[in-house]
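Subject: Structure for you to look at

Dear colleague,

I am passing on the structure below, together with some notes for someone coming to it fresh. Please keep the 3D view open as you read.

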Amino acid sequence: VKMDIEGGELWALRGAEKLLREERPVLVCEVFEQLEARSGYGREDLFRLLRQAVYEIEPLSGVWSPTIVARPK
């Protein structure tokens with residue numbers, strides 16, 4: 001699942017917790033610090049939610065914007 005929702009990634013993932021738990025998709029999403037400030041959460045909040053869902057997080061290289069790939073463990 002590729003997510004590009006301008007800082008709303010945390011809120012979308014909170015709404016998709018059942019999907020994360022049951023279907024276990026691979027996720028690709030941007031983690032712009034400027035967008036996070038506008039959305040009211042930090043990068044670590046997003047990472048914490050993914051770790052709690054038992055996902056591994058790694059940066060995606062070779063892309064223009066800060067982007068992560070999260071894979072189920």
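A good place to begin is Leu-46, which, when residues up to four places away in sequence are not counted, touches Glu-9, Leu-10, Leu-13, Cys-29, Val-31 and Tyr-41. Please bear in mind throughout that this is a predicted model.

Leu-46 also leads into the largest nonpolar core, which has 16 residues, and in which Leu-46 is listed with Leu-13, Leu-20, Leu-27, Leu-50 and Tyr-55 as the residues that touch the most other members. Two or more residues of this core come from each of helix 1 (9–15), strand 2, helix 4 and strand 4, and helix 4 provides the largest share, with four residues. As a general point, nonpolar side chains tend to be buried together in soluble globular proteins.

Turning to the sheet, you will find that it is open and made of four strands in the order 1-2-4-3, with mixed pairing. Strand 1 (2–3) and strand 3 (55–59) are the edge strands, and because each has a single partner strand, one side of each is left without a neighbour in the sheet. Strand 3 and strand 4 (residues 67–72) run antiparallel and are joined by five bridges, and within this pairing Ile-57 has Ala-70 of strand 4 as its bridge partner. Packed on the sheet is helix 4 (residues 43–52), which touches strand 2 (27–30), strand 3 and strand 4, and whose direction makes about 140° with that of strand 3.

Two further residues may help you find your way around the model. The first topic is Val-26, which sits in the loop between helix 2 (17–22) and strand 2. Is Val-26 buried, exposed or partly exposed? With a relative accessible area of 39%, Val-26 falls between the cut-offs of 20% for buried and 50% for exposed, and is therefore partly exposed. Leaving aside neighbours within four places in sequence, Val-26 is in contact with Val-1, Val-69, Ala-70, Arg-71 and Pro-72, while its C-alpha atom is separated by 17 Å from that of Pro-66, which is 40 residues apart from Val-26 along the chain.

The other is Ser-39, which belongs to helix 3 (residues 33–39). A polar atom of the Ser-39 side chain lies 2.8 Å from the backbone oxygen of Gly-7, and, not counting residues up to four places away in sequence, Ser-39 touches Glu-6, Gly-7, Gly-8 and Trp-11.

With best wishes

Conventions:
Residues are numbered from 1 along each chain as its sequence is written. This is a predicted model: local features need pLDDT of at least 70, side-chain atom pairs count only at pLDDT 80 or more; totals for chains, interfaces and linings use all residues. Side-chain values use heavy atoms; hydrogens and water are left out. Two strands pair if DSSP finds at least two bridges between them. Contact means heavy atoms within 4.5 Å. Axes are lines fitted to C-alpha atoms, for helices over the stretch in contact, and angles run from 0 to 180 degrees between N-to-C directions. A polar contact is a pair of N or O atoms within 3.5 Å; within protein, one must be able to donate a hydrogen and the other to accept it, and residues adjacent in sequence count only if both atoms are side-chain atoms. Buried means under 20% relative accessible area, exposed over 50%, partly exposed in between (1.4 Å probe, protein chains only). A nonpolar core is a set of buried Ala, Val, Leu, Ile, Met, Phe, Trp, Tyr and Cys residues joined through side-chain atoms within 4.5 Å.
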